[in-house]
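This briefing covers selected local features of one protein model. The topics are strand pairing, helix burial and packing, and backbone geometry.

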Amino acid sequence: MRLTKFHLATVKETPADADVVSQQLMLRAGMIRKIAAGIYTWTPLGLRVLRKVEAIVREEMDRAGALELLMPSIQPRELWEETGRWAKFGGQLLKIRDRKDAEFCYGPTHEEVITDFARNELRSYKQLPVNFYQIQTKFRDEIRPRFGVMRAREFLMKDAYSFHVDTACMQREYRNMYEAYTRIFTRLGLKFRAVAADPGAIGGTGSHEFHVLADSGEDAIAFTSEGDYAANVELAEAAAPAAPRAAPSEALEQVATPTQKTCEEVAALLGLALERTVKSFAVIGEQGFTLVLVRGDHMVNEIKLAKVAGLGEYRLASEAEIAEHLGAPPGFIGPLKPAKKITVVADRTVAAMSDFVVGANAAGFHTRGVNWGRDLPEPDLVADVRNVVEGEPAPGGMGTWSIARGIEVGHVFQLGQKYAQSMGAQVLDENGKARTMYMGCYGIGVSRIVAAAIEQNHDASGILWPEAIAPFHIAVLPLGMDRSERVREAAEKLYGELTAAGLDVLLDDRKGVRPGAMFADQELIGIPHRVVVSERGLEAGQVEYRSRRASANEMKPCAGFAAWAAAEVRTHLSP
RNA sequence: CGGGGUAUAGCGCAGUCUGGUAGCGCGCCAGCCUUGGGCGCUGGAAGUCGGGGGUUCGAAUCCCUCUGCCCCGACCA
């Protein structure tokens with residue numbers, strides 16, 4: 001590609017409302033342009049990257065035996081009523097009406113459509129197993145879209161759905177997809193990790209997420225020091241405290257904490273360790289007002305909480321409800337002497353504590369020296385309801401937990417019969433008996449991968465693309481092409497040779513652009529290799545080569561450079 | 001959903017409090033100059049000041065209202 005024939009849209013200034021590096025760089029490099037909250041145009045440059053990701057995903061899905069199809073982005077309400085998700089999916093579902101006032105949604109996922117397709121197309125066990133996939137634009141009306149294409153409302157996703165007569169077959173395909181995903185992320189040149197995950201709203205049994213590792217990741221991933229286990233912190237189990245609860249040693253005492261609302265503030269005021277405090281989290285569950293207790297330095301895990309009996313569909317309590325049941329405003333609440341009957345759910349750690357500090361249920365006061373059994377009844381329920389923390393013991397002799405950040409870019413699920421059941425997707429087996437199919441579902445966030453790759457690969461000058469998804473493999477930068485016929489000829493020749501060698505080449509043939517500007521653009525848009533053609537170098541029959549990841553030039557003979565560069569790029573393309 | 005902020009040239013911003021000719025930087029166009037890290041100089045184009053309504057002789061500026069966008073949201077931060 002000649003730059004004069006391309007639309008390069010780089011900008012110097014960092015956009016004000018971009019709050020993650022990938023979004024800043026994608027905007028500065030001119031890969032995307034925002035048109036509305038969470039909705040972006042992909043420019044020619046950005047699209048080149050997106051398409052490369054897409055191509056690798058497609059190749060590996062095909063290789064794994066999946067069949068590509070394309071489903072509609074607009075889906076009728078009726079299908080979603082069949083699974084009950086028209087109501088259940090919530091505000092994320094963008095609902096629309098046509099001119100006849102019929103209702104549709106813009107598809108946030110395609111379980112309904114594919115299951116409808118399958119029940120119509122698949123009649124016999126002989127047609128199974130089969131795995132259909134598509135690469136398609138989805139829309140989820142996120143409450144707060146942010147981080148550019150990382151959490152956009154409109155995004156590109158690869159979604160696959162497999163159909164089976166039994167669970168064993170479903171599990172075989174699950175493993176097949178797990179391996180295909182491993183190949184995909186390896187080929188993309190990204191550092192990633194597969195982790196055990198919560199199936200979430202999609203539902204089903206077994207599930208793994210694939211995370212691109214990056215410090216800025218929205219998800220926390222927990223790894224065990226022994227064995228090879230990794231899980232989303234949403235799922236990672238905190239081992240039950242080994243030591244039994246100590247006997248009470250302090251008397252109950254109400255202390256004034258006029259402005260201290262957080263555990264940190266209270267602990268500092270009282271000169272106590274944060275581990276001696278307990279925080280209270282007020283929710284409304286099936287039993288009504290419920291107080292969830294975790295240690296001051298711990299965080300409530302809402303996914304785990306929703307698995308506690310009676311809290312399946314809990315919501316946060318309002319300030320009015322907190323005042324009504326506890327008689328105090330948030331910041332000073334606790335399980336002691338509530339104004340009304342409440343349910344108390346204690347984290348395992350809290351259940352094993354003694355002489356702890358909680359809010360006194362009186363504005364401006366906390367209570368210390370609190371002990372289970374003596375000062376208040378034993379908790380109604382003890383459960384694992386918090387996030388694990390760095391360094392704490394992992395269950396089952398797997399050593400200790402450590403935490404890393406990741407960006408979820410893939411997810412594989414064993415759906416079982418959830419959708420096939422509600423939509424009546426059946427095939428006849430060998431005995432002519434109707435059997436509900438088992439399903440698997442496998443997603444990859446194609447557009448999110450582009451952002452994730454940047455989060456993982458950038459420096460102060462810009463993006464550092466892995467070769468496999470770089471918009472161009474190599475940039476040819478001629479210095480003084482306007483003035484020097486010799487430079488022009490050499491650059492054109494090199495451009496032709498590199499292109500013929502099968503590389504995606506960008507020739508910066510812009511008139512009158514100074515070297516500094518050319519270098520800055522090449523580095524910003526992250527082209528992994530560059531070659532500078534100048535009078536100085538040609539004098540010695542050489543060009544200057546530089547890897548985007550290197551800090552110095554290497555002189556290379558003009559003759560044979562294209563072949564050398566092509567080989568260099570290829571070593572990175574097939575890791 | 002609730003709270004806060006913000007909306008002025010393609011982009012980033014000042015001007016609004018205290019009403020009186022709409023500005024700066026980047027970018028863009030033309031010319032000169034320069035040519036190894038986003039050069040320099042000169043000239044130029046470009047804005048119904050988010051929409052609607054009101055107050056006023058006069059509104060980017062004051063009042064009402066709508067909309068977009070951004071940020072935050074319980075001792076989970």
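**Strand pairing around strand 14**

Strand 14 and strand 15 (residues 288-295) run antiparallel and are joined by 8 bridges. The model is predicted. The points below begin with these strands, then turn to three helices and to three loop residues with notable backbone geometry.

- The connection from strand 14 to strand 15 is a hairpin through 2 residues.
- Within this pairing, Val283 stands opposite Thr290 of strand 15.
- Strand 14 also pairs with strand 16 (residues 315-316): 2 bridges join them, and the two run antiparallel.
- Arg315 in strand 16 is the bridge partner of Ile284.
- Strand 14 itself spans residues 278-285 and is mostly covered, with 6 of its 8 residues buried.

**A buried helix**

- Helix 12 covers residues 446-456, and 11 of its 11 residues are buried, so the helix is largely enclosed by the rest of the structure.
- Among the buried residues of helix 12 are Arg448 and Glu455, along with Ser447 and Gln456.
- The buried set in helix 12 also includes Val446, Ile449, Val450 and Ile454, as well as Ala451, Ala452 and Ala453.

**Packing of helix 13 on helix 16**

- Two packed helices are described by the angle between their axes and by the distance between the axes.
- Helix 13 (residues 485-500) packs with helix 16 (residues 561-573) at an angle of about 40°, and their axes are 9 Å apart.
- Helix 13 is therefore oblique to helix 16.
- The crossing of these two helices, 13 and 16, is right-handed.
- Helix 13 contributes Leu494, Glu497 and Leu498 to the contact, while helix 16 contributes Phe561, Ala562 and Ala565.
- Sorted by class, the contact of helix 13 with helix 16 has 5 nonpolar residues, no polar residues and 1 charged residue.

**Backbone geometry in loops**

- The peptide bond from Leu128 to Pro129 is cis, with omega near -5°.
- Pro129 sits in the loop between helix 5 (111-121) and strand 7 (130-139).
- Asp101 is not a glycine, yet has a positive phi of about 70°.
- The loop that holds Asp101 lies between strand 5 (94-97) and strand 6 (103-106).
- Phe147, also not a glycine, has a positive phi of about 60°.
- Phe147 is found in the loop between strand 7 and strand 8 (154-164).
- Is Phe147 buried or exposed? Phe147 has a relative accessible area of 18%; buried means under 20%, so Phe147 is buried.

Notes: Residues are numbered from 1 along each chain as its sequence is written. Chains are lettered from A and ligands numbered from 1 in the order in which they are written. This is a predicted model: local features need pLDDT of at least 70, side-chain atom pairs count only at pLDDT 80 or more; totals for chains, interfaces and linings use all residues. Side-chain values use heavy atoms; hydrogens and water are left out. Buried means under 20% relative accessible area, exposed over 50%, partly exposed in between (1.4 Å probe, protein chains only). Helices (H or I, at least four residues) and strands (E, at least two) are DSSP runs, numbered from the N terminus. Two strands pair if DSSP finds at least two bridges between them. Axes are lines fitted to C-alpha atoms, for helices over the stretch in contact, and angles run from 0 to 180 degrees between N-to-C directions. Angles under 35 degrees count as roughly parallel, over 145 as roughly antiparallel, 65 to 115 as roughly perpendicular and the rest as oblique. A crossing is left-handed if the near helix is turned anticlockwise from the far one by less than a right angle, and right-handed if clockwise. Contact means heavy atoms within 4.5 Å. Ala, Val, Leu, Ile, Met, Phe, Trp, Tyr, Cys and Pro count as nonpolar, Asp, Glu, Lys and Arg as charged, and the others, Gly among them, as polar.
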